[in-house]
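Me: I am new to this structure and would like a close look at a single part of it. Please start there, explain each term as it comes up, and then show how the part sits among its surroundings.

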Amino acid sequence: MQFDDDANLDTSEVQDERGSRIPGGRATVGGGLVGLVALLLALFLGIGPDQLGLSSGDSSPAPASSSLAQVQRSCRTGQDANTREDCRVVAVVNSVQDFWAQEFRQRRGTYTGSPTVFFTGRVGTACGTATSAVGPFYCPGDRKVYLDLGFFDELRSRFGATGGPFAQAYVVAHEYGHHVQDLTGTLSRSRDNLTGVDSDSVRVELQADCYAGVWARHATTTKDESTGRPLVTSLTAADIQDGLDAAAAVGDDRIQERFQGRVTPETWTHGSAQQRRQWFYQGYRTGDMARCDTFR
């Protein structure tokens, strides 16, 4: 995965709160077994830790400090995105949002942007206070994506994904799939509070995977507003395979088998490895969000 070296990154789409401290309160999710349970239940859920009972106390946003805003200082061009992980995520956020803004316009809709918040350890959100243990998530209360970049190491070391730049891009694009669902009303209509293969939760997650694939299909043709050229200049077959591998690695069956030694489909919240691969590839193959109807 490569970016246009000369493109200007829009860092206003990322809020860098790494190194900040959340005032007051305490999260009910910590390390060890509790954090593991949170990962099993919440990985990529994308609809806020409060709905998992993972928040408590003060959810005020973190204060600014001199250690913050690293991306604003360091992530200026596509060349930075080709050499730094945090800048790469900024570039992916830019590309994903450029695509959805254009897609909504073509469908006579209005896309409202969503910032990604980088954090370490713990973060306050409109959905409550969360720790890194819940994984990346989208909070509809403030319409923001939350990401601890350390998760990408977990994706490889704990969940067995091959990793790579596009595996990271898939994670980001999946969370923005939830934002698209929020804007289109899918999230508000799809909360049956059930688990299992046919639950709304699984259907929501698989659709977000499909939306990630739709963006991937158009990534190298979506023009960046600052240059009039695509920000993403290259996506190879190996990149797409990394995305498919990451999707499979966080399938409910893979996670359950790895951490509890048995598969219990009645507790699924995200879908199987095969389903997640299938729906990501459905979006990538068709490039059409209308072909992402996982509720049929």
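Reply: Helix α4 has 22 residues and reaches 32 Å from its first C-alpha to its last, close to the 32 Å expected at 1.5 Å a residue; the expected span is 1.5 Å times one less than the number of residues in the helix. Helices here are DSSP runs of H or I with at least four residues, strands are DSSP runs of E with at least two, and both are numbered from the N terminus. This is a predicted model, in which local features need pLDDT of at least 70 and side-chain atom pairs count only at pLDDT 80 or more, while totals for chains, interfaces and linings use all residues. Residues are numbered from 1 along each chain as its sequence is written, and side-chain values use heavy atoms, with hydrogens and water left out.

The helix is mostly covered, since 18 of the 22 residues of α4 are buried. Buried means under 20% relative accessible area, exposed means over 50%, and partly exposed lies in between, with a 1.4 Å probe and protein chains only. For comparison, buried residues make up 55% of the 296 residues in the protein chain.

Just after α4, Arg108 takes a positive phi of about 60 degrees. In the loop that leads from α4 (85-106) to β3 lies Arg107, whose side chain meets that of Asp288 in a salt bridge (3.1 Å, N to O). Because Asp288 belongs to the segment after α11 (273-286), this pair ties together parts that are 181 residues apart in sequence. A salt bridge is a side-chain nitrogen of Lys or Arg within 4 Å of a carboxyl oxygen of Asp or Glu. Arg107 counts as partly exposed at 43% relative accessibility, and Asp288 counts as partly exposed at 26%.

A network of salt bridges links Asp16, Arg18, Arg84 and Asp86. A search of the whole structure finds 12 salt bridges. Another of them joins the side chains of Arg229 and Asp4 (2.7 Å, N to O); Arg229 lies in the loop between α8 (200-218) and β8 (232-234) and Asp4 in the loop between β1 (2-3) and β2, so this pair connects parts 225 residues apart in sequence. Arg229 is partly exposed at 39% relative accessibility, whereas Asp4 is buried, with a relative accessible area of 9%.

The strand that the loop after α4 leads to, β3, belongs to an open sheet of four strands in the order β2-β3-β7-β6, with mixed pairing; two strands pair if DSSP finds at least two bridges between them. The edge strands are β2 (14-16) and β6 (137-139), each of which pairs on one side only. Neighbouring strands of this sheet are turned by 25 degrees against each other on average, direction ignored. Helix α6 (residues 165-184) packs on the sheet, touching β3 (116-118), β6 and β7, and its direction makes about 25 degrees with that of β6. Axes are lines fitted to C-alpha atoms, for helices over the stretch in contact, and angles run from 0 to 180 degrees between N-to-C directions; contact means heavy atoms within 4.5 Å.

As a wider frame for this helix, the protein chain has 11 helices and eight strands.
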